[in-house]
Amino acid sequence: MSEFDWRRKARDSVRSHSLRSRLSIHDFRLRYGWKYDEIAVGMRAEYETGQCPYCHDPYKSPEDVTVDVLDPNREPFYKTNTKFCCMSCNSAKRNLPPMEWEKRLNDKSRQLPLFVVRPFIPRPRQIMPVNSPQIDRLIQMGRTAEIMRAARRIIRRRLMEQ
Ligand SMILES: [Zn+2]
């Protein structure tokens, strides 16, 4: 994605957040310090460093990086009340205050191992559970983004051994 595209993306983000504030784009930017260049550079750096700070999934594409207003009940000052996150976390979070959102994230990560302990790929009449010390270790360390990747590698290896 070019510099121009990142800037366009920053503009889109400012526009949609200003709509929520009921200020004009101009007034919103001045009042809350949302600068196109700074946002564009920030988004790009966020995308390049890799994963959503909430769900720890890798960003699917540059478009997946969004600006989250941390506490929607406070004024959206760019420097102090925003954070980048993925699109699905941003829409799941919606207007939840930070405490509520944190609670939901914790619930989710507590459920996560149940789902990831046995990742599987469906094949005709075959579901393959993956139990391995490597997966257990990743779960213990909370490195959720790597679990599915590791599971796929293990499955591929086992299929080749068959
Ligand atoms: Zn996320």
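Start by selecting N106, which you'll find in helix 6, residues 98-116. Keep in mind as you click around that this is a predicted model. Is N106 buried or exposed? It counts as exposed, with 10 C-beta neighbours inside 10 Å, where the cut-off for exposed is 12 or fewer. Now add Y54 to the selection and draw a distance: the C-alpha atoms of N106 and Y54 are separated by 10.0 Å, though the two residues sit 52 apart along the chain.

**Zoom out: the whole chain**

Show the cartoon for everything. The protein chain has 8 helices and 4 strands. Reading from the N terminus, the order is α-α-α-β-α-β-α-α-β-β-α-α. Colour by burial and you'll see that buried residues make up 22% of the 162 in the chain. If you like contact maps, here's one number to go with yours: among contacts with a separation of 6 or more, 49% are between residues 24 or more positions apart.

**Colour by confidence**

Switch the colouring to pLDDT. The chain's mean is 84, and 85% of its residues reach 70 or more. Which elements mark the two ends of the range? Helix 2, residues 25-32, has the highest mean pLDDT of the elements at 97, while strand 3, residues 122-123, has the lowest at 43.

Select residues 112-127 next. pLDDT stays under 50 over this whole stretch, and the model has 19 contacts for it beyond four places in sequence. Where pLDDT is low, the predicted coordinates should not be read in detail. With that caution, move on.

**The N-terminal helices**

Select helix 1 (residues 3-21) and helix 3 (residues 36-49) together. Their axes are 8 Å apart, and the helices pack at an angle of about 110°. That falls in the 65 to 115 degree range, so helix 1 and helix 3 are roughly perpendicular to each other. Turn on side chains to see who makes the contact: on helix 1 it is W6, R7, K9, A10, R11, S13 and V14, and on helix 3 it is Y36, I39, A40, M43 and R44. As for handedness, the crossing of these two helices, 1 and 3, is right-handed.

Keep helix 1 on screen and swap helix 3 for helix 2. Here the packing angle is about 90°, with axes 9 Å apart. Helix 1 and helix 2 are therefore roughly perpendicular to each other as well. The residues of helix 1 that meet helix 2 are V14, R15, H17, S18 and S21, and across from them in helix 2 are I25, F28 and R29. V14 is worth a click, as it is listed in the contact with helix 3 and in the one with helix 2.

**Into the strands**

Now select strand 1, residues 65-69, and strand 2, residues 82-86. How do they run? The two are antiparallel, joined by 5 bridges. Follow the pairing along: V65 stands opposite C86, and the bridge partner of T66 is C85.

Show the surroundings of strand 1. All 5 of its 5 residues are buried, so the strand is largely enclosed by the rest of the structure. In a regular strand the side chains alternate between the two faces of the sheet. Look at strand 1 with that in mind: V65, V67 and V69 are on one side, T66 and D68 are on the other, and both faces are covered. Strand 2 is mostly covered too, with 4 of its 5 residues buried.

Stop at D68, in strand 1. D68 has 20 other C-beta atoms within 10 Å, and since 20 or more is the cut-off, it is buried. Leaving out neighbours within four places in sequence, the contacts of D68 are T82, K83, F84, C85, N90 and K93. To tie D68 back to helix 1, measure to S13: the C-alpha atoms are 9.8 Å apart, across 55 residues of chain.

**Two backbone oddities**

Most residues other than glycine have a negative phi. For exceptions, select H56 and R94.

- H56 has a positive phi near 65° without being a glycine. It lies in the loop between helix 3 and strand 1 and counts as partly exposed, with 18 C-beta neighbours inside 10 Å.
- R94, also not a glycine, has a positive phi of about 40°. Look for it in the loop between helix 5 (87-93) and helix 6. R94 is exposed, with 8 other C-beta atoms within 10 Å.

Note on methods:
Residues numbered from 1 in each chain as written. Predicted model: local features only at pLDDT ≥ 70, side-chain atom pairs only at ≥ 80, totals over all residues. pLDDT = per-residue confidence, 0-100. Contact = placed C-beta atoms within 7 Å. Pairing = 2+ DSSP bridges. Axes fitted to C-alpha atoms, helices over the stretch in contact; angles between N-to-C directions. Parallel < 35°, antiparallel > 145°, perpendicular 65-115°, else oblique. Left-handed = near helix turned anticlockwise from the far one by under 90°.
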